[in-house]
Amino acid sequence: MTYNAVTWLLDRNVDEGRGGKVVFDDTVSKLTYGELQQQTRRVGNMLRRLGVRREERVALIMLDTVDFPVAFLGAIRAGVVPVPLNTLLTSEQFSYILGDCRARVLFVSEALLPVLNDVIGRLPDLEHVVVAGQDAHGHRKLSDELARESDAFTTAPTHAEEPAFWLYSSGSTGMPKGVRHLQASLQATAETYGKQVLDVRENDVCLSAAKLFFAYGLGNSLTFPMSVGATTVLNSSRPTPELMFALLNKYNPTIFYGAPTLFAAMLNDEAMRGARAGTGLRICASAGEALPESVGNNWKSRFGVDILDGIGSTELLHIFLSNAPDDIKYGTSGRPVPGYKVRLVNDAGGEVPDGEIGELLVEAPSAGEGYWNQRSKSRNTFQGNWTRTGDKYVRNADGRYTFCGRADDMFKVSGIWVSPFEVESALITHPAVLEAAVVPEADPEGLLKPKAFVVLRTGCETDNLYEALKEHVKQKIGPWKYPRWIDVVDDLPKTANGKIQRYKLRH
Ligand code: 3UK
């Protein structure tokens, strides 16, 4: 038996008569199910022409426009493995991942080319760069490449359990790891969380603040809507409160997906005091970090719509523990999604009783196969039927689960991982900083942001040092990771062998 995810997600919709229905609207261009079928067949032909074979990787560094699903699903149709990358990474991070996955083709949005200029040409496996946009800047232009191709393409006879796409997950230690996801996994998330929690329907219009390169955004904007023949509005810009309110009112989505920081920012924005959330909205979903209870309550009372908090991960592809529309308790992650089983274990691997904190393990139909080229990390995370999340949880007497923090020191800011080590490393590259330790600190909303403790080099105290350090970190590792608060201290707590004891700095 062969199985290709694109047959189920896309071709089925055309076969069932939805060929003329809009599947993606990126506010500039629209694509129908029929056009997407045609374009993905052309991508299949193009990849064959460029010499790309089944199982080889192609990277996507693309904004959320209609070109993303064309490239992503086109590759899967051909049995070629797309690897979408976080578009906010630095040149160095792009270089590492492109090299690690050995991408032979890079699909890139024109606007993102500048960051990649120094990277392209230094990667031995990268043979072709295909640019989505008006000007290909000397590379191949996606629209020209596709215009040359025929609409006839035989979908690769892949297996349900072969890797279909990879997503990179950043861990607490070391470099990002490529999670290999299987052909059957997209359908698995659609039939569990998509169908049984969200209850996604054919007449839904979806809008996600999380981009397609995140596992969260991929399910929100592509898998779930396509699983029922619905429509998605794609947004290629930064999801500010203003823009999100504008999109909600212009497109009237029925499902809106975000992360806690965005919901909080939308509630707090002074200029958006009187803004409404669109008349068609029936449900919102939140993931990436825990949704503070107050944000859920305030959202519900202002807009009359609930937010479903649920926890997912790159390793498990989508949400496995969630609140449900008729079963919400703010401040908790709800219950296991139908189709998933969870266990809470202590350090010895034994189950913990209700009310005690344990590490969350999940038995999931959508678990990745492992990390690329990382055997010991794979074995540690993907343990037979069970996947370790690295999250600490407690099960309450009512069967709901409450998040208690990460097993390691990682934490999330605006739904994106921050490793204290990475921020510290960036801080100490500044000439004024001798040592640094970073811990999460809750802002007035209850959302985590980095706080830094720094030991300065003597004589380096200057007037605008705090602002200079923040700017420095932004430049080094990306705009969301900089420390919102900085304390100057004389020394840092350390273990005998010199490791910083971050837990002593946490509240
Ligand atoms: C944390 C949460 C508390 C948790 C994701 C939905 O976030 C996603 O994937 P990542 O690999 O991070 C996974 C980790 O993030 N987390 C996520 N959601 C929650 N903590 N409450 C939550 N609701 O530590 C988890 O292990 O970036 C989210 C769907 C797919 C995803 N990949």
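Begin by selecting helix 13, residues 420–427, in this predicted model; helix 13 lies across strand 24 and strand 25, and runs at about 145° to strand 24. Keep helix 13 on display and add the strands beneath the selection, since the next stop is the sheet to which strand 24 and strand 25 belong.

That sheet is open and has three strands, in the order 24-25-26, with mixed pairing. Its edge strands are strand 24, at residues 433–442, and strand 26, at residues 485–488, each of which pairs on one side only. From one strand to the next, the twist averages 25°. If you now colour strand 24 together with strand 25, residues 448–456, you will have an antiparallel pair joined by nine bridges. Within that pair, select E441 and look across to strand 25, where K449 stands opposite.

Next, move to strand 20, residues 386–395, and strand 21, residues 401–406. These two strands pair in the antiparallel sense over five bridges, and they form a hairpin with five residues between them. In the turn, select G399, which has a positive phi of about 90°. To see a facing pair in the hairpin, show Y393 and then F403 of strand 21, which stands opposite Y393.

Strand 20 and strand 21 also lead to the ligand, because each of them supplies at least two residues of the shell around it, as do helix 8 (215–228) and strand 14 (307–312). The largest share of that shell comes from strand 14, with four residues. Select the residues around the ligand, of which there are 22, and then single out D309, G310, T314, D391 and K412, which come nearest. Colouring the shell by class gives 10 nonpolar, seven polar and five charged residues.

Which backbone atoms should be checked against the nitrogen atoms of the ligand? A polar backbone atom of G310 is 2.7 Å from a ligand nitrogen, one of S313 is 3.3 Å from a ligand nitrogen, and one of E289 is 3.5 Å from a ligand nitrogen. With a surface displayed, note that the ligand has 620 Å² of accessible area on its own, and that the protein covers 94% of this area.

From the ligand, follow strand 14 into an open sheet of nine strands, which has the order 2-1-11-10-12-13-14-15-16 and mixed pairing. Select strand 2 (30–32) and strand 16 (335–336), which stand at the edges; each has a single partner strand, so one side of each is left without a neighbour in the sheet. Then select strand 10, residues 205–208, and strand 12, residues 255–258, which run parallel and are joined by three bridges. Here S208 stands opposite Y257 in strand 12.

The last selection is helix 9, residues 241–251, which packs on this sheet and touches strand 1 (22–25), strand 10, strand 11 (231–233) and strand 12. Orient the view along strand 10 to compare directions, as that of helix 9 makes about 175° with that of strand 10.

Conventions
Residues numbered from 1 in each chain as written. Predicted model: local features only at pLDDT ≥ 70, side-chain atom pairs only at ≥ 80, totals over all residues. Heavy atoms only, no water. Near = heavy atom within 4 Å. Polar contact = N/O pair within 3.5 Å; in protein donor to acceptor, adjacent residues only side chain to side chain. Areas by Shrake-Rupley, 256 points an atom, 1.4 Å probe, with all protein chains shown as cover. Nonpolar A, V, L, I, M, F, W, Y, C, P; charged D, E, K, R; others polar. Pairing = 2+ DSSP bridges. Contact = heavy atoms within 4.5 Å. Axes fitted to C-alpha atoms, helices over the stretch in contact; angles between N-to-C directions.
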